[in-house]
Amino acid sequence: MKIIIFGANAISQKLVDVLQVYEDQVLVIDRDSWEFNNFKKRNAKLISANFFDQGLMESLEIKDTDYVLILTEDDKINLLISRLVRNYTKGFIITKMNSYDDINDIFDLKKSLGIDYILNQDLESSRNILKLVEDDIGIKSDVFAGGKVRLIDYSVELDPEFIGNKISEIGSLSTILVVGILRKNNLIIPNGNTVLDEEDKLYLMGLTDDIISFRSRHFHFTNVEKKKDMIIIGDSGITRSLIDTAKEINIKVIEEDSKKAKDLRNKYEDAFVIRNSFKDVLKKSREEFTSCDALLALTSQDELNIVTCLMADGIGIKDIILKVESQTYNKFLDNLPASAIINPSMIAADKILKLMKKDGGMNLYHMFADRAEVFEITLKEGSKVENLTLKELSLPEGMIIGAVVRKDGSAIIPRGNSKIERGDRLVIFFKKKNRDNLIQFLNGENKKLFQSLFES
């Protein structure tokens with residue numbers, strides 16, 4: 001598959017890393033060469049050029065391109081590129097629009113501009129948040145295998161049964177798999193003989209029904225009621241999208257900036273907007289916050305969102321969702337008392353992959369102290385691991401197969417005697433630093449694939 005991306009940013013960077021798994025031909029174009037500093041150059045061809053250079057379009061042989069992703073940070077430029085590119089290709093065009101306020105007007109022009117899908121991070125993020133709020137599991141979880149498999153985290157200190165015992169001796173872990181343990185900021189890939197410590201954070205992978213069953217036994221609640229009252233800190237595109245779409249939820253917005261608060265009231269007459277800081281409102285009416293079903297910290301400042309999360313947890317708010325865009329904080333995000341942490345760029349990348357019909361899932365809500373990732377990969381026919389059990393695979397250190405999706409769509413949580421079959425899709429939890437061991441284990445097969453996945 002041939003893919004051309006206009007715009008080097010966090011979304012395209014993630015896409016380049018993931019698309020390498022499929023051995024697609026990926027080309028990234030940006031006007032500024034310094035934007036490529038964070039790209040792994042062997043994973044894609046990188047070109048610094050003027051987007052509107054006619055010679056560039058002709059040299060790209062864009063006619064045979066399957067997907068064109070237009071992802072710059074300038075909406076006008078994105079629309080112009082879309083119109084220009086359509087003259088050269090019948091490929092599927094995905095165009096990012098950064099402004100939520102203008103999104104409805106652009107939807108009306110989509111066909112005339114030759115755009116197949118308009119991507120707006122705020123809209124995609126709000127849809128994601130609503131799924132989280134309405135999810136019957138009631139806890140932060142990453143979803144794989146089309147919803148059949150989930151990954152959650154769990155603190156050992158919450159259950160005396162776990163402390164000081166081997167994983168294999170804990171009955172409630174018999175149907176799910178501990179794929180990773182965060183211990184004093186070190187990530188461990190465990191086995192059945194690993195003894196759990198009181199300060200451990202476990203990353204658990206299992207079939208959705210088994211994860212829900214574990215949740216009901218260990219998270220000290222059994223029923224998850226539909227959320228009715230939501231408080232949002234900060235006016236943003238996501239905030240406005242939620243007001244537009246979450247009609248059955250009572251939304252209250254707290255915005256400190258007077259101009260933003262006024263604009264929000266003018267555009268959304270039915271919106272309940274308080275012009276004040278979260279801290280000041282909290283002083284006046286703490287009970288109002290503790291009675292809400294969910295609190296969302298959606299300001300443009302990551303640091304403020306994190307502080308808001310800590311303050312909300314301090315007064316007993318149970319369901320907290322916050323937006324964090326910078327990867328600077330990945331090392332400690334899993335330790336925040338939040339139901340979910342969303343990164344709009346990663347949500348956008350995940351949506352693009354789904355539009356491109358890629359079967360791989362991504363970890364969106366767990367960062368694993370920035371030391372690991374989870375990914376799905378379908379085995380190629382004739383892979384040397386076909387018909388081998390997990391025991392026979394002798395997996396190297398730093399990698400664990402958390403789930404297997406069969407060709408017929410069924411999913412299993414594998415054990416030592418589970419056999420890998422032709423056409424299986426593997427959900428792999430891996431440590432980034434162990435890439436060399438895995439490449440050696442594969443003996444060159446898919447070397448190109450795993451070099452990109454395991455780049456630190």
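Start by selecting strand 5, residues 92-96, in this predicted model. Four of its five residues are buried, so the rest of the structure largely encloses strand 5.

**Next door: strand 4**

Now add residues 67-70. This is strand 4, and it runs parallel to strand 5. Four bridges join the two strands. Which residue of strand 5 stands opposite Tyr67? Select Phe92 and look across: Phe92 is the partner.

How does the chain get from strand 4 to strand 5? Show helix 3, residues 75-86. Strand 4, helix 3 and strand 5 together make a β-α-β unit, and the unit is right-handed.

**Strand 6**

Next, select residues 117-119. This is strand 6, which pairs with strand 5 in the parallel sense. How many bridges are there between them? There are three. For one facing pair, pick Thr95 and Ile118: Thr95 stands opposite Ile118 in strand 6.

Add helix 4, residues 103-113. With strand 5 and strand 6, helix 4 builds a right-handed β-α-β unit.

**Charged pairs**

Switch on side chains. Side chains of opposite charge can pair when their charged atoms come close. The structure holds 17 salt bridges. Here are some stops.

Select Asp116 and Arg86. They form a salt bridge, with the closest N and O atoms 2.8 Å apart. The two residues are 30 residues apart in the chain. Asp116 sits in the loop between helix 4 and strand 6, while Arg86 belongs to helix 3. Are they buried or partly exposed? Asp116 is partly exposed, at 31% relative accessible area. Arg86 is also partly exposed, at 24%.

Move to Asp153 and Lys201. Their side chains meet in a salt bridge, 3.7 Å from N to O. This pair also links distant parts of the chain, 48 residues apart. Find Asp153 in strand 8 (residues 149-155) and Lys201 in strand 11 (residues 201-207). Asp153 has 15% relative accessibility, under the 20% cut-off, so Asp153 counts as buried. Lys201 is buried too, at 9%.

**Last stop: a network**

Select Arg240 and Asp235. The closest N and O atoms of this salt bridge are 2.7 Å apart. Arg240 is buried, with a relative accessible area of 5%. Asp235 is buried as well, at 10%. Which residues share in the network around this pair? Add Asp101, Asp263 and Lys267 to the selection. Salt bridges with shared partners join these residues, Asp235 and Arg240 into one network.

Definitions and conventions
Residues are numbered from 1 along each chain as its sequence is written. This is a predicted model: local features need pLDDT of at least 70, side-chain atom pairs count only at pLDDT 80 or more; totals for chains, interfaces and linings use all residues. Side-chain values use heavy atoms; hydrogens and water are left out. Buried means under 20% relative accessible area, exposed over 50%, partly exposed in between (1.4 Å probe, protein chains only). Two strands pair if DSSP finds at least two bridges between them. A crossover is right-handed if, with the strands pointing away from the viewer, the path from the first strand over the helix to the second runs clockwise. A salt bridge is a side-chain nitrogen of Lys or Arg within 4 Å of a carboxyl oxygen of Asp or Glu.
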